[in-house]
Amino acid sequence: SKDNAGNAEKLKSVEIKIDKTNPAMDVKAPKKSYLYLMGREIIPLSGFNNFAIVIGSTNVNVDVRDSISGVKKVEFYVDNSLKETLSEPPYTWNWNEVAVGPYTLKAVAYDNAGNKVSTEIPVMVLNIQY
C-alpha cells in the first residue's frame, strides 16, 4: 500500500489454508460383532449381522482427528436422537438408560471448517436400570 505522500509499505504475504477434508474417525467401542457386558468388551461374535451385543451400560468411544483445522465437536445419537455433544477429547459418552432391543448408535464429528464425518453402529441392547 502507498500513502498520499508516495511512501510504500514493504510487501507482505499471508498463507491461507482452505480445509475441504473431512475429519478422520475410528470407532473404538462398541465395535460391530462384539459382545459387551457392563461396558467391557468380552468376545468377538460371528453371525450377528455386524451388530454389537450390549448388556448393561456401555461407553461409546470414537477417535477423531483433523490435522488441518482441528476438531470442533462430536455428537452422539441413539436412533437419530441427540444424546451428547463433546468438544474435547476423549470423545467418549456413557450410554446408560433403559433400553431393550435393536438400536442404531451414530457419532458425527465436525471440524472447525464445517466439514463432517459420521458412522453408525447397529447394536442389540439389554439395559434395565433399577
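This report covers a strand sheet, the salt bridges, the aromatic residues and one nonpolar surface patch. The structure is a predicted model, and every value below is computed from it.

**Sheet**

Three strands make up an open sheet, and their order across it is 1-5-8. Pairing in this sheet is antiparallel. Strand 1, residues 24–29, and strand 8, residues 91–95, are the edge strands; each of them pairs on one side only. From one strand to the next, the twist averages 20°.

Strand 5 covers residues 58–65. Its antiparallel pairing with strand 8 runs over five bridges. Which residue of strand 8 is the bridge partner of Asn-59? The partner is Asn-94.

**Salt bridges**

A search of the whole structure gives six salt bridges. The table lists some of them, with the N to O separation of each pair.

| Residues | N to O separation |
|---|---|
| Asp-26 and Arg-65 | 3.2 Å |
| Asp-63 and Arg-65 | 2.8 Å |
| Lys-73 and Glu-75 | 3.3 Å |

The salt bridge between Asp-26 and Arg-65 joins their side chains. Asp-26 belongs to strand 1 and Arg-65 to strand 5, so this pair ties together parts that lie 39 residues apart in sequence. Arg-65 also forms a salt bridge with Asp-63. Asp-26, Asp-63 and Arg-65 are thus linked in a network of salt bridges.

How accessible are the members of this network? Asp-26 has a relative accessible area of 34% and is partly exposed. Arg-65, at 37% relative accessibility, is also classed as partly exposed. Asp-63 is partly exposed as well, with a relative accessible area of 28%.

The salt bridge between Lys-73 and Glu-75 joins residues of unlike accessibility class. Lys-73 counts as partly exposed, because its relative accessibility is 25% and the partly exposed class lies between the limits of 20% and 50%. Glu-75 counts as buried, because its relative accessibility is 8% and buried means under 20%.

**Aromatic residues**

The count of aromatic pairs comes to three. One of these pairs is formed by Trp-93 and Trp-95, and it is stacked. The ring centres are 6.4 Å apart, with 25° between the planes. Are these two residues buried or exposed? Both Trp-93 and Trp-95 are buried. They also belong to one aromatic cluster, together with Phe-76 and Tyr-103.

**Nonpolar surface patch**

Leu-37, Met-38, Ile-42, Ile-43, Ile-55, Val-100, Leu-126 and Ile-128 make a nonpolar surface patch. Its area is about 700 Å². Where is Ile-128 found? Ile-128 is in the segment after strand 10, and that strand covers residues 116–127. Ile-128 has 48% relative accessibility and counts as partly exposed, because exposed residues need over 50%. A patch residue needs over 30% relative accessible area, so the 48% of Ile-128 meets that requirement.

Methods
Residues are numbered from 1 along each chain as its sequence is written. This is a predicted model: local features need pLDDT of at least 70, side-chain atom pairs count only at pLDDT 80 or more; totals for chains, interfaces and linings use all residues. Side-chain values use heavy atoms; hydrogens and water are left out. Two strands pair if DSSP finds at least two bridges between them. Helices (H or I, at least four residues) and strands (E, at least two) are DSSP runs, numbered from the N terminus. Axes are lines fitted to C-alpha atoms, for helices over the stretch in contact, and angles run from 0 to 180 degrees between N-to-C directions. Patches are made of residues with over 30% relative accessible area and no salt bridge: like charges are joined within 9 Å, nonpolar side chains (Val, Leu, Ile, Met, Phe, Trp, Tyr) within 5 Å. Accessible areas come from the Shrake-Rupley method with a 1.4 Å probe; for residues, only the protein chains shown count as cover. A salt bridge is a side-chain nitrogen of Lys or Arg within 4 Å of a carboxyl oxygen of Asp or Glu. Buried means under 20% relative accessible area, exposed over 50%, partly exposed in between (1.4 Å probe, protein chains only). Rings of Phe, Tyr and Trp (its six-membered ring) pair if their centres lie within 6.5 Å; planes under 30 degrees apart count as stacked, over 60 as edge-to-face and the rest as tilted.
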